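Reader: I should be grateful for a close look at the charged side chains of this protein and at the pairs they form. Please then relate that account to the other local features that deserve attention.

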Amino acid sequence: AEGVRGVLLPLESGMWWALLLVLGGAWAAVETVEPKGYEAFLAAAAEEEQWVLLDFFAPWCGHCKRLNPVLDTFAAVRPTARVGKVDATKHKALAKEHGVSGYPSLRFRAAGEAKFRDYKGARDAQALERLDDRLRSPAVQTAIDVSVDPYVAFAVAPTAAPETWEVFEAVAIDRRHEASFARSASVADDGVYLVDGDGTYRYEGELEFSRLKKWVKKHNVRLWNDPLGPSTFRKVGDSRLVAAVVLDPDAPNTTLAAEVAAALPGLRERLAGGVLDGVRWSDYVATFGVDASGLPCLIVIDLPGDKFWLNDHAAPAAFLAAVLDGRLSPKYHGIRGFPDRALRFYATHRLQVFAGLLALLLLVSLTIYFSKPPPDHPKTD
């Protein structure tokens, strides 16, 4: 028995579920949800004590199609979730009820709750299984789970003051779907702490629900991320500047990345960052006026402000300090950035600009010439 137990224990929980489903002859599947069956779908989930995940999709959407196998696998290995798909182009009223504005949109609600929330995490099997683990577990754990890489957790000491515990527990219940919370001996003093691979960081704000909730949302991502993927990029950029070290993965510059990572701990409230693949995301990087010949480089990005700062070979720490102190002027995307983009285009495409101007001048000249009325001629008898 011990030998069998030794073989089976290392299996991931998802593999256990898959094995049990196969042996039992059952296989959970993603369900097609239509308005007439919507309430029955929710009632069935409530009866089975399942949490609900809804995928609002469009049939023509490429991202939606790529998400399908992820949801199929997840539904199969995690029967604690009831997964449904809604054609948002066909069932517009239901999509509007959920505030859907793009595709795919994932919405979920925990078992026993009536409120649906937007799912804003990574759209892969690992992230969805992590969400399932959180929704099936107590909001506050007795230890920090460091098995998740990268891990980020919020903690209070077992001896935390009652007023600290009360606010911390309320935030944990509200945010348990996207963050990890623990009452752990890894922190000894009263207060709320962020614990991750970069160390321990104390919350210094007012101990009030909405303020602590905002702080948790802001810091629920590693200070340094390698790689800096789309989901992490958005999480950082929602509330802080993004310090992106843009590299060619075939010619990485570990020195630049290390220098930027080392400068961030003291700037945590205003900056976070990581390594951005300049080849994979070349189209996006090009919007900053950077191509393959300009790699590696360091860009600080203000997503809400639609502006950025590009380092011109200054020491990374000095450059970051100058950005935060307001000593460097930003460049802009959008309409405000048009003059700067025009100058950059002229600097790199002078011949094309001159050729275009000559062609435009010739076109205007011909238009004027042919639009002139013909001269009057004297009449003859």
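Author: The following account takes up the salt bridges, and then turns to the surface patches and the backbone.

The model is a predicted one. Across the whole structure, a search finds 17 salt bridges. In general terms, side chains of opposite charge can pair when their charged atoms come close. One of these pairs is formed by Asp55 and Lys85, whose closest N and O atoms are 2.7 Å apart. This salt bridge connects distant parts of the chain, since Asp55 belongs to strand E2 (residues 51-57) and Lys85 to strand E3 (residues 81-87), with their positions 30 residues apart. Both partners, Asp55 and Lys85, are buried.

A second pair consists of Arg78 and Asp133, with a separation of 2.8 Å between the closest N and O atoms. Arg78 is located in the loop between helix H4 (62-77) and E3, whereas Asp133 is located in helix H6 (residues 125-135), so this salt bridge ties together parts that are 55 residues apart in sequence. The two partners do not fall into one class of exposure. Arg78 has a relative accessibility of 2% and therefore counts as buried, a class that requires a value under 20%. Asp133, at 24% relative accessibility, counts as partly exposed.

A third pair joins Asp174 to Arg175, and here the closest N and O atoms are 2.9 Å apart. Asp174 has a relative accessible area of 15% and is therefore buried. Arg175 also counts as buried, because its relative accessibility is 11%. Beyond single pairs, salt bridges with shared partners join Arg78, Glu129, Asp132, Asp133 and Arg136 into one network. The pair of Arg78 and Asp133 described above thus has both of its members in that network.

Polar side chains also meet in another way. Ser180 is placed in strand E7, and its side chain is joined to that of Arg134 by a polar contact of 3.1 Å. Ser180 is buried, because its relative accessible area is 15%.

Charge is also found at the surface. Glu163, Glu166, Glu169, Asp189 and Asp190 gather there in a patch of negative charge. Of this group, Asp190 may serve as an example: Asp190 lies in the loop between strand E7 (180-183) and strand E8 (193-196). Its relative accessible area is 36%, and Asp190 is therefore partly exposed. Strand E7, which holds Ser180, is thus one of the two strands that flank the loop of Asp190.

A nonpolar patch occurs on the surface as well. Phe354, Leu357, Leu360, Leu363, Val364 and Ile368 form this patch, and together they have about 570 Å² of accessible area. Ile368, one of its members, lies in helix H14 (residues 350-371). With a relative accessibility of 47%, Ile368 counts as partly exposed. Val260 provides a contrast, because at 0% relative accessibility this residue counts as buried. Val260 belongs to helix H10 (residues 254-263). The C-alpha atoms of Val260 and Ala315 are separated by 9.3 Å, and the two residues are 55 residues apart along the chain.

The backbone itself also calls for comment. The peptide bond from Asp226 to Pro227 is cis, with omega near 10 degrees. Pro227 is found in the loop between strand E10 (224-225) and helix H9 (230-237). A cis peptide bond also runs from Leu295 to Pro296, in this case with omega near 0 degrees. Pro296 likewise occupies a loop, between helix H11 (282-286) and strand E13 (297-302).

Two acidic residues have backbone angles to be noted. Glu49, although not a glycine, has a positive phi of about 55 degrees. The position of Glu49 is in the loop between helix H3 (35-47) and E2, and E2 is the strand that contains Asp55. Glu49 counts as exposed, because its relative accessibility is 67%. Asp306 likewise has a positive phi of about 55 degrees without being a glycine. The loop between E13 and strand E14 (307-310) is the place of Asp306. At 35% relative accessibility, Asp306 counts as partly exposed.

How values were computed: Residues are numbered from 1 along each chain as its sequence is written. This is a predicted model: local features need pLDDT of at least 70, side-chain atom pairs count only at pLDDT 80 or more; totals for chains, interfaces and linings use all residues. Side-chain values use heavy atoms; hydrogens and water are left out. Patches are made of residues with over 30% relative accessible area and no salt bridge: like charges are joined within 9 Å, nonpolar side chains (Val, Leu, Ile, Met, Phe, Trp, Tyr) within 5 Å. Accessible areas come from the Shrake-Rupley method with a 1.4 Å probe; for residues, only the protein chains shown count as cover. A salt bridge is a side-chain nitrogen of Lys or Arg within 4 Å of a carboxyl oxygen of Asp or Glu. Lys and Arg count as positive and Asp and Glu as negative; His and the chain ends are not counted. The place of a charge is taken as NZ of Lys, CZ of Arg, CG of Asp or CD of Glu. Helices (H or I, at least four residues) and strands (E, at least two) are DSSP runs, numbered from the N terminus. Buried means under 20% relative accessible area, exposed over 50%, partly exposed in between (1.4 Å probe, protein chains only). A polar contact is a pair of N or O atoms within 3.5 Å; within protein, one must be able to donate a hydrogen and the other to accept it, and residues adjacent in sequence count only if both atoms are side-chain atoms.
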